[in-house]
Amino acid sequence: MRKSGILCKKYMCRGFFQRGIWFFSSCPEMELETVTVNVTIQDFVADVVSELFFRNMQQVSKETMFIFPVDSSTVVHTFYATMGDTRIEAMLWEKEEAQQLCKATSGMENLRYLQNQWDLWGPVFACFLGTLPPNREVAIRLCYVQELPMQSDGAAQFCWPHELFPCRKDIRWIYSSEEMSENLHFSICLKSAHGVSHMAINTSSTPLQYTTPDQTSAQVSLKLPPWMQDDLNLLVYYRGSHALSAVVERRDPKAPPGSLLGDPVVMVTLMPSIPEVESNPCHPGEFLFLMDCSLFKDAQNTLLFLLKSLPLGCYFNIYSFGATFKAFYLQSVEYTQESMDNALGRISSICPDLGGCDLLGLLRSIYSTPLLHGHPRQLFIFIQRKISSEEEAVMAEVYRYRDHHRCFCFPTNSCDSFNLSQAMALETKGECVCIHSRMDMTSEAVRCLQRALQPLASGISLRWELPPGLEVSVIRKAPEMIFQGHQSSIYAQIHGQAEDPEVGEGAVTLQYHVGSQSFDYTLRFSLSPSADNRLPVHRMAMMHLLWKLAWEGTRRTENGIWHSAVKSSLSLGVQSPFTSSVAVRMKQRDAGHHDSLPPDSSMFFSSSCNLVPCQLLWLRGFRPVWFKSTKFWMVQKCQLFLEKFDCKTPDTEALTQLSASCKDGEHPLEEQAMEEPPAFNKSWDWTISPLSTRLCDFSGLRVVVALQKANGSWALTAALAFALGLSKADVEGQRPSEDVPPDAWATVLTLVWLHQYKWKVSWSELLEAKACRWLQDQADVQLDECVKAANSLLGCFVEPTIFRI
């Protein structure tokens with residue numbers, strides 16, 4: 001859920017919100033007295049009808065504004081506010097007509113003030129309510145539908161913020177539940193064709209009461225709000241498999257057959273079961289690394305670890321963006337030894353660019369390139385600069401292709417576009433991590449790459465089985481892939497008339513692959529569901545259909561399609577690219593007359609009503625977010641302590657010598673040619689912090705990583721021996737047997753060396769796993785003897801079991 005509320009213009013409190021969470025911002029003068037909420041949850045869609053009663057507790061009048069953050073999983077379809085005998089109602093109009101009406105609306109500066117001055121970020125529904133006299137009440141009615149997220153255990157999660165419960169002035173409210181319940185009327189109806197199993201809720205409530213013998217419907221009501229600062233969290237558990245669920249909603253009998261409203265609509269929720277695949281999996285994928293040019297100096301080593309950690313067989317590309325953007329390759333290339341070496345060589349040639357930040361142009365270029373079949377696209381975006389006024393356009397592009405890719409975003413702690421980065425990650429079900437240091441950048445990027453390499457469901461398809469005479473028209477199709485722990489909602493319209501009315505059941509089969517394994521689940525569903533007057537599934541389907549039409553370029557010149565899109569948007573109150581909101585102030589006696597009528601410009605000539613500022617806005621504010629990282633804090637505190645007392649250790653000099661020797665090229669030229677990838681530039685800066693160099697030999701680690709081959713192995717060279725603190729003669733002399741291949745012995749020796757640093761650095765886990773898989777494919781490794789020899793040579797005590805991944 002997301003947070004909303006009544007705002008006093010003078011005392012707008014600061015807040016930050018994100019998808020899935022509400023933040024309620026209100027001035028202390030506005031007290032929320034009474035709340036009435038009716039929620040109907042059917043599988044994974046919620047239909048919410050809420051009434052909120054606020055009172056101005058001050059002795060002076062206050063200007064008030066209502067805001068409601070929205071996202072791509074929420075459709076607000078009804079809003080009105082009542083103050084005395086005046087009612088302010090939000091209505092949808094054709095977009096151009098709404099823009100003309102807004103020009104004639106006084107007080108639009110209130111919304112411009114909100115858009116440009118307040119520090120919230122993202123899309124919100126906002127309506128200026130005007131002046132509320134002292135001790136007067138305003139009643140808000142807000143109705144919306146929302147797709148609910150599915151938890152890993154298959155539960156549907158519904159949230160409601162603690163701020164939208166009646167105010168508790170005194171701790172004594174605990175003992176006056178009767179008085180409290182008078183101001184709280186919160187009822188929840190649960191429905192599912194699977195059957196409602198049980199629920200979990202974090203507050204006092206009535207027992208779950210089944211309202212049907214087959215337990216497909218149940219009710220529950222709140223007795224008290226959650227304690228103190230807790231939001232209401234409700235988890236609903238259904239019977240049966242979680243991989244597939246379907247909700248069929250009956251047609252609106254008043255709408256003509258063939259239209260979206262005139263036909264039944266089905267919502268299918270997919271959450272494939274994704275088991276762990278075999279120990280030597282093929283990790284197909286397309287990995288795109290997008291780097292802000294101003295970060296290249298600090299991010300070169302992060303790219304080194306990422307490139308070295310990629311699996312053979314995947315595809316990759318690297319993009320730099322600033323005032324312009326450049327790609328290393330015209331299109332993604334297969335990950336091989338040659339392409340890896342070439343990319344590493346080109347990284348050091350990137351020049352810093354402190355100009356603009358054309359992320360929008362870069363994303364459009366990426367999205368215009370076709371997807372590689374069987375290779376899910378995942379973006380790693382490192383950003384430091386502000387995107388300025390293009391944020392809304394960036395999010396529109398990300399939303400359009402959200403089913404085709406996933407974004408992992410890494411804004412720096414000084415980045416002004418953190419909110420945008422977070423929204424991109426949330427919309428594509430990726431992850432956003434704030435970067436505080438180079439150490440954070442590398443460790444977090446590699447951790448996200450580990451997540452990106454997890455098994456996923458691909459080759460997803462749905463097969464429909466309906467009675468003769470019926471057919472399905474898919475509104476929102478199944479995605480190319482579904483990542484582990486994620487879900488996807490599909491919407492389809494059911495056309496036609498069944499030849500045999502007695503056959504009232506259909507079926508849908510989900511098919512997908514995980515690695516080389518194939519899976520399929522079949523779900524049968526009723527085609528005669530109970531009627532729902534509020535049509536929540538139709539509203540969600542309508543939203544997706546209207547955006548689909550907008551992306552396909554529907555214009556006024558296509559009169560039939562355009563007119564139908566506008567009419568559909570107005571009929572269900574679903575805002576779209578074709579319509580916009582305008583609020584009307586009218587007397588209560590006129591409100592009932594207009595409830596049943598479509599918007600008509602002639603009503604504005606009435607003296608009993610006028611226009612009110614009300615729009616769906618994109619806020620451009622920013623509020624810095626403090627991230628508490630105990631690990632980072634401890635490192636910095638220890639670093640300051642050591643520097644204060646000017647502590648020095650012999651390790652520092654050794655590291656300096658190693659770095660200098662690498663730069664000066666002490667080895668013969670012919671030896672250098674076979675020892676290391678010629679593309680690697682050892683002059684890269686690897687300074688993290690004085691403490692970091694005391695904790696671990698990062699210079700040596702950097703060299704070791706640079707020498708690893710694309711297949712995960714290491715060659716037995718003098719450069720590798722030197723990086724491990726050994727001589728090449730010692731390394732060759734300790735090889736257990738002539739039958740052990742040199743590269744196998746070098747790989748075991750390096751893995752034992754790397755294993756010493758696991759408690760200090762987790763970045764090497766993917767590299768180690770990659771090397772272990774390579775070892776498992778080799779013959780005559782004599783693993784136990786090699787590990788014993790490596791322990792003796794390095795002075796370690798590593799068990800051979802670490803190689804059995």
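**Strands, rings and one buried histidine**

Strand S9 and strand S14 (residues 232-238) run antiparallel to each other and pair over five bridges; for a pairing to count, DSSP has to find at least two bridges between the strands. One of these bridges joins Ala156 to Val236 in S14. Strands here are DSSP runs (E) of at least two residues, helices are runs (H or I) of at least four, and both are numbered from the N terminus. Four of the five residues of S9 (residues 156-160) are buried, so the rest of the structure largely encloses this strand. "Buried" stands for under 20% relative accessible area, "exposed" for over 50% and "partly exposed" for what lies in between, using a 1.4 Å probe and protein chains only.

A word on what is being looked at. This is a predicted model, in which local features need pLDDT of at least 70 and side-chain atom pairs count only at pLDDT 80 or more, while totals for chains, interfaces and linings use all residues. Residues are numbered from 1 along each chain as its sequence is written, and side-chain values use heavy atoms, with hydrogens and water left out.

Zooming out, the protein chain has 22 helices and 32 strands, and 55% of its 805 residues count as buried. Contacts (heavy atoms within 4.5 Å) often reach far along the sequence: among those with a separation of 6 or more, 75% join residues 24 or more positions apart.

How sure is the predictor? Its confidence in each residue is the pLDDT, from 0 to 100. The protein chain has a mean of 79, with 79% of its residues at 70 or more. Among the elements, strand S20 (residues 333-334) has the highest mean pLDDT, 96, and helix H15 (residues 669-675) the lowest, 32. Over residues 623-696 pLDDT stays under 50, and the model has 94 contacts beyond four places in sequence for this stretch. Residues 601-608 also stay under 50, with 15 such contacts. Predicted coordinates should not be read in detail where pLDDT is low.

Now for the rings. Rings of Phe, Tyr and Trp (its six-membered ring) pair if their centres lie within 6.5 Å; planes under 30 degrees apart count as stacked, over 60 as edge-to-face and the rest as tilted. This rule gives 18 aromatic pairs. Trp160 and Phe186 make an edge-to-face pair, 5.7 Å from centre to centre with 80° between the planes. Trp160 belongs to strand S9 and Phe186 to strand S10 (residues 184-191), so their pair ties together parts 26 residues apart in sequence. Both Trp160 and Phe186 are buried. Tyr399 and Trp551 form a tilted pair, at 5.6 Å and 55°. This one links helix H7 (residues 391-400), home of Tyr399, with helix H10 (residues 536-551), home of Trp551, across 152 residues. Tyr399 counts as buried at 10% relative accessibility, whereas Trp551 is partly exposed at 27%. Elsewhere, Phe289, Phe380, Phe382, Phe408 and Phe410 form one aromatic cluster.

Charges meet rings too: a charge sits over a ring if NZ of Lys or CZ of Arg is within 6 Å of the ring centre and within 35 degrees of the ring normal. Arg87 lies over the face of Tyr80, 3.8 Å from the ring centre, and Arg346 has its charged end over the ring of Phe328, 5.0 Å from its centre.

Finally, His405 is found in strand S22 (residues 405-411) and is buried, with a relative accessible area of 2%. Beyond four places in sequence, His405 touches Tyr367, Arg377, Leu379, Val398, Thr428 and Met481.

Conventions
pLDDT = per-residue confidence, 0-100.
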